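The exercises that follow ask you to read a structure step by step, from one element outwards to the whole. Try each task on your own before turning to its solution.

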Amino acid sequence: MAKTRRIFQIIFLLFFVLLFLKARYPYDDSLSSDLFLRFSPLTPVFYFIDTLELRWIFWPALIILFITPFLGRFFCGWICPLGTSIDAAGKLVKSPSNKISGKYHSLRYLKFAILAGAGILALFSVNLWSYLDPLSIFNRALTVTVYPLFTVITEQSLLFLSNIPWLEEPVYFAYDHFKELLMPEEQALVNQIFWITLLFAIILGLERLSRRFWCRYICPAGALLGFLSQFRFYERIVGEACPVCNKCQTECKMNAIPEGDVSFTDKIECIECFNCGDVCPPKAKSITYRWRWKPYHSKVDFTRRQFVVTSGISLFSLGMLSVGLKNKDAHQKRIRPPGALEENEFLDRCIRCLECVRICQSNGRCLQPDGIHGSLLELWVPVALMRDGYCEYNCNLCGQVCPTEAILPLTLAEKQKTPMGLAYFDKNICIPFAENRDCIVCEEHCPTPDKAIKFELKLVTLPDGSSKVVKQPYVIRDLCIGCGICETKCPLPGNSGIFVTIENQKRGLGEPDQEEVYGYPAN
Amino acid sequence: MKRRAFIKSAIATGTVLPFMPVLANVNSQSPQAIWIENGEPEQLLSAALKEMGGIGEFVKSGDVVVIKPNMGWDRAPEYAANTNPQLIRALVKECYNAGAKTVKVFDRTCNNPRRCYQNSQIEKFASEADAEVDQIRQNRFEKIDLKEGVLLKNWEIYRDFLEADKVINVPIAKHHSLSHVTLGMKNLMGVMGGNRGSIHSDFDTKIVDITSAIFPQLTIIDGYRVLTKNGPVGGNLADVSLKKTLIMSPCMITADFLALELFGHSLEQVGHLKEAVRRGLNKYDLNNLNFKKISLS
């Protein structure tokens, strides 16, 4: 069984990576790339807390939630790609057995506290859970750390090797296949790599303390599934022949077998890895697994006192969060992807999985994980920064792959009419205004069928007294969709002579912003 | 280095030619430029090549040929922002028939490169004829000296372009609000590296500075669909006019000059072309052209 489990773990991990790789242009939507992200058991629950609505788009998670009371935490042991990477990391760093790591036993309540705290915060519209959602964590790490690092190292070493004359042929062969199959686009570069990598590295590094440390003590998804499986029907039966060698106890990934009584399993902790059956000495082979219609119950390691303390702490932190970092200046550049819901709703619904950043045609130059500017909750939600990359006029893929529809799946025609913001000229530096020379690269690139940037011919007087006609550009508010190609292509070396702000942005199904959300005056 | 050598000899010939009018007219049986209209892209091309004495006049057996279309924009062919894909496919076939070793098709795009290659349909059509259609690789630009440069003394050019034995420049005729038109000269921006936006101030001088060093052996202007407004991106079918025309000349300046007629512009209006003529970069006397205008059908 343990062998089958390992094979399934690898299959699910590869499936996740395959869906990740498939999230690119040209996008084939017969198998949506966000499918696996909708496996996360937390998403439908927190979506429900938010909207009191059960959405069928979360069917994979709903199926898992439905089966768990019968079968237990099989998701953690068999499916979760973060769990699989944790297992692999454990092999590398040589996790200690439960003889040594058993001492952290008392931390079990922590994951329930985190789940309860996240739930309470969610009632007050504070989205903490998505930072700790295992599938979000994994997808973030893939998008920001694993894939860019893998591709940059592969590409650079292949290009380096291709300089060696007798290697040129085979290396270019490998290079062409690498480009075709793994990275047809340019190298992805994504912000926030340090912090996202750090979180991922800590989660994997905790294996040094105990096996599945994250799953045992921290993961809120594990807590939810554990809570649901306290009565599970599928049980481990220990036969008479058991010599009580305690091997199953010390080797248990989750320390779910109590030291005193190996015939018992803590159903809340057990992730059904079947290692116990595997390590049971061949002579004894006394462990079997079977369905029982009158299952015993395992108690949740979360006392009433702990619950009260957790609730207190979450409400207290709520108070701190609501103080916020009141920074209105930072708002004007917080441009969200086209079709993103209204900001507060968006922050609630976005699970920070960064699938939109992954599929963005700019390869992390336009859409990227945000840092903290105006509010703590902006961390790692997608933000469109236009100076280094812009939103492709003919692309609507970010909305197609958003697992929670925090970015609405707009049709291309709808997207092309949805302003993300509005462009403004900085006439102090814009070449035709500041230097009296023609440029209008912004006008050249403007993609709307009727250009949102037009220009007028102005007669200007030069410093030497002579005069000259210059093409001076201007923006037409009703035509501009804030795609930002003007800001990207502006040939000035530093700041752009034209920049996009959130003014006039259209969020969700509403009308373009006038003054209600950010206090910009309507004109 | 072959191409380098060619450029050198081209410059040398360029300087000698004006003093040897007799020599220039030796090849007078084939015209200096062709204007063909009223046909499908493939028909226009084969008719034009026939008038020119066949593709063999330009492409020799064993040549590495670069075809430089305009596929800089994420637009379908109907929008006339990119060169006609059928025309490119037919041209690739012609080159291979003339014995070309390899035919390469590429462009440094303005929009996302993969989207441009795909939506322009040039990737698909050119690959059907076995052309090598690769993305631009950032590490393959080479800085070249611009000896004739007034404002610019050097610029980065794509290495595959420099190393090719023959270059065929295939722009689509489009409106452009800065340069009035984008034709052969402007199309060569697709092989330039660096910050191309900066070429746009003092455009007329800078574009001539660079292109004068990298003249192609043949220029074919695709005037099948002509974008008359909102260029060079377009996006509105109402701005596209179906002219079913093709202009071909071994001299890029001559081809560009003739194509002005598609827009009703005169040489005086189009600064960069005027500058090129002022510097004498035209191979033929524009006032006394030996050119043929043919209407098919």
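**Exercise 1.** Find what the buried residues of α11(A) pack against, and then work out how these residues are arranged on the helix.

*Solution.* The buried residues of α11(A) pack against α5 (81-93), α9 (134-161), α12 (213-217) and β3 (367-369) of chain A, where contact requires C-beta atoms, placed from the backbone, within 7 Å. Helices (H or I, at least four residues) and strands (E, at least two) are DSSP runs, numbered from the N terminus. This is a predicted model, in which local features need pLDDT of at least 70 and side-chain atom pairs count only at pLDDT 80 or more, while totals for chains, interfaces and linings use all residues. Residues are numbered from 1 along each chain as its sequence is written, and chains are lettered from A and ligands numbered from 1 in the order in which they are written.

Next, list the residues themselves: I196(A), F200(A), I203(A) and L204(A) are the buried residues of α11(A), a residue being buried if 20 or more other C-beta atoms lie within 10 Å of its own, exposed if 12 or fewer, and partly exposed in between. Seen down the axis of the helix, they fall within an arc of 100° (taken from the directions from the axis to the C-beta atoms), so they line one face of α11(A). The face turned away from that buried side carries the exposed residues F194(A), L198(A) and I202(A).

**Exercise 2.** Check the length of helix α11 (residues 193-205) of chain A against its number of residues.

*Solution.* The expected span is 1.5 Å times one less than the number of residues. For the 13 residues of this helix that gives 18 Å, and because the end C-alpha atoms are 17 Å apart, the two values agree.

**Exercise 3.** Describe how domain 2 and domain 3 of chain A meet.

*Solution.* Begin with the bounds, which come from an automatic or database domain assignment: chain A is divided into domain 1 (2-140 + 198-291), domain 2 (326-409) and domain 3 (422-501). The C-alpha centres of domain 2 and domain 3 of chain A lie 26 Å apart, and 12 residues of domain 2 are in contact with 10 residues of domain 3. On the domain 2 side, 7 residues are nonpolar, 2 polar and 3 charged; Ala, Val, Leu, Ile, Met, Phe, Trp, Tyr, Cys and Pro count as nonpolar, Asp, Glu, Lys and Arg as charged, and the others, Gly among them, as polar.

Definitions and conventions: Two residues are in contact if their C-beta atoms, placed from the backbone, lie within 7 Å.
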